[in-house]
Amino acid sequence: MIDRNTFGNRTALFHTFGCKLNFSETSSIARQLAEKGIRRITPGETPDIIVVNTCSVTELADKKCRQTIRSLHRRFPQAAILVTGCYAQLKSDEVAGLPGVAVVAGTDRKDRIVDFLDKFTADGSNTLSVDPARDFRHFTPSCECGDRTRYFLKVQDGCDYWCSYCTIPAARGRSRSGTIDQMVAQAADVAARGGKEIVITGVNIGDFGRLNGESFADLVRALDRVEGIERYRISSIEPNLLTDDIIDFVAGSKRFMPHFHIPLQSGSDQVLRLMRRRYDTELFAHKINCIRRSMPHAFIGIDLIVGARGETEEYFNDSCRFIESLPLSRLHVFTYSERPGTRALEIPHVVSEAEKHKRTRRMLAISEQMLTRFTAGFENSVRPMLFEHPRPDHPCGGFTDNYLKVELQNLPADFNPMAYDNRIVPVRLGRPIPERETVEGFLL
């Protein structure tokens, strides 16, 4: 049983599943709690409050969320567990029944978690606050870094696309966003706090501003003018919404980094149609080649779903050939998972679990070859690296402008990483370290 009297210590533990958008929102919740005097735990401390921001992109994601909540309750039985995110939205009753859970907040209620916690602290009553996603209208911008170096700017939420395999519209609601003025104010605040890099996040960020006459291209140009921010990164953006104009602007910008993350999902046109995606392989290849022509050094990562319904062996082989024909840097590979209520369940051809895993391994091998080849191309070159906040038992390093993850080598015994924290410094790159998906780096 949760002891509400322990709240005097005012400490919290945060656990985030899923995307960069979730991380941004968790960081925003942490800031709200900090304003109430509730601080993050330090190593060895016991939390009074646990915030779990969940994901539901696959059945495995749901399972991991359940397991983590149960594990956290076993480790910290006196803590109040507050659960939000997509799994909490889609399966709220299931989450509410898990041990130790005091609050279940839907995806549009994350900004009210402090209120729900106050209620629990006052009278011990649990809260289950989840509205149907179809009723979501409100948008709350946020830009936080949590315990990281880079900031994550939430510019958009929800999605109107309803791809056949996806539950995100049911969990996040309709597409909605803030205004350019709001986003510029958020970025200016980060600059005032000393932040150097901002990652632009959302569910479908290319849809920004559609309801108020603005556009993502307008947003990019406005953010580029904010003094004090040295780096922006565009998080996952749909290929049909990544215009050639945006690509050209990034290529000529000093603040927008040569780094793109673009969901492909399949390299077969037949499977893309079954998925109800809004582009074909011809358009996708055009975008990749356009980026590579204007920014030969750009990092290009793509999302890929393997083993979806309707993906015959022939279609999978087509997908492999298409992907291998593109000048990519890395694949983010997801094994298809059945999701209740999706249109994909109407597609007759089902790929066996064994075949899914076989195809996943093949795509991961292609990804490893791509990343090794891409990073090897920069050996002995010098690139600017944002020095990440040092963490215990982790190598010192950071990310270059084109998103190469660097592990610094041959540092002197008296090296003080805090002296470099949040600084952009030149590093000479060495060999790739494939097993850790990093590259050696040497301070100049």
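**Close-up 1. Gly124, just after helix 5, in the predicted model.** The residue takes a positive phi of about 75 degrees. Helix 5 itself spans residues 113-123.

**Close-up 2. The buried residues of helix 5 and what covers them.** Ile113, Val114, Phe116, Leu117 and Phe120 are buried in this helix. They lie on the same side of helix 5, because the arc they cover around the axis is only 160 degrees. An α-helix has 3.6 residues a turn, so residues three or four places apart point the same way. The cover over the buried residues of helix 5 includes one helix and several strands: helix 1 (20-35), strand 3 (49-54), strand 4 (80-85), strand 5 (101-105) and strand 6 (127-129).

**Close-up 3. Arg109 in the loop between strand 5 and helix 5.** Arg109 counts as buried because its relative accessibility is 15%, below the 20% cut-off. When neighbours within four places in sequence are left aside, Arg109 is in contact with Phe116, Ser129 and Asp131. Of these contacts, Phe116 is one of the buried residues of helix 5.

**Close-up 4. Cys19 and Cys55, without a disulfide at Cys19.** The count of disulfides in the model comes to zero. For Cys19, the nearest cysteine sulfur is that of Cys55, 6.6 Å away, whereas a disulfide would need the two sulfur atoms within 2.5 Å. Cys19 counts as partly exposed because its relative accessibility is 40%.

**Close-up 5. Cys143 and its closest cysteine, Cys145.** The sulfur of Cys143 is 8.5 Å from that of Cys145, so the pair is too far apart for a bond. Cys143 has a relative accessible area of 0% and is therefore buried, whereas Cys19 is partly exposed.

**Close-up 6. The closed barrel of five strands.** The strand order is 16-17-18-20-19, and the pairing is mixed. With direction ignored, neighbouring strands of this sheet are turned against each other by 50 degrees on average.

**Close-up 7. Strand 16 beside strand 19 in the barrel.** Strand 16 covers residues 382-387 and strand 19 covers residues 424-433. The two strands pair in the antiparallel sense, over five bridges. Pro384 stands opposite Pro426 of strand 19.

Terms used
Residues are numbered from 1 along each chain as its sequence is written. This is a predicted model: local features need pLDDT of at least 70, side-chain atom pairs count only at pLDDT 80 or more; totals for chains, interfaces and linings use all residues. Side-chain values use heavy atoms; hydrogens and water are left out. Buried means under 20% relative accessible area, exposed over 50%, partly exposed in between (1.4 Å probe, protein chains only). Helices (H or I, at least four residues) and strands (E, at least two) are DSSP runs, numbered from the N terminus. The arc is that of the directions from the helix axis to the C-beta atoms. Contact means heavy atoms within 4.5 Å. Two strands pair if DSSP finds at least two bridges between them. Axes are lines fitted to C-alpha atoms, for helices over the stretch in contact, and angles run from 0 to 180 degrees between N-to-C directions.
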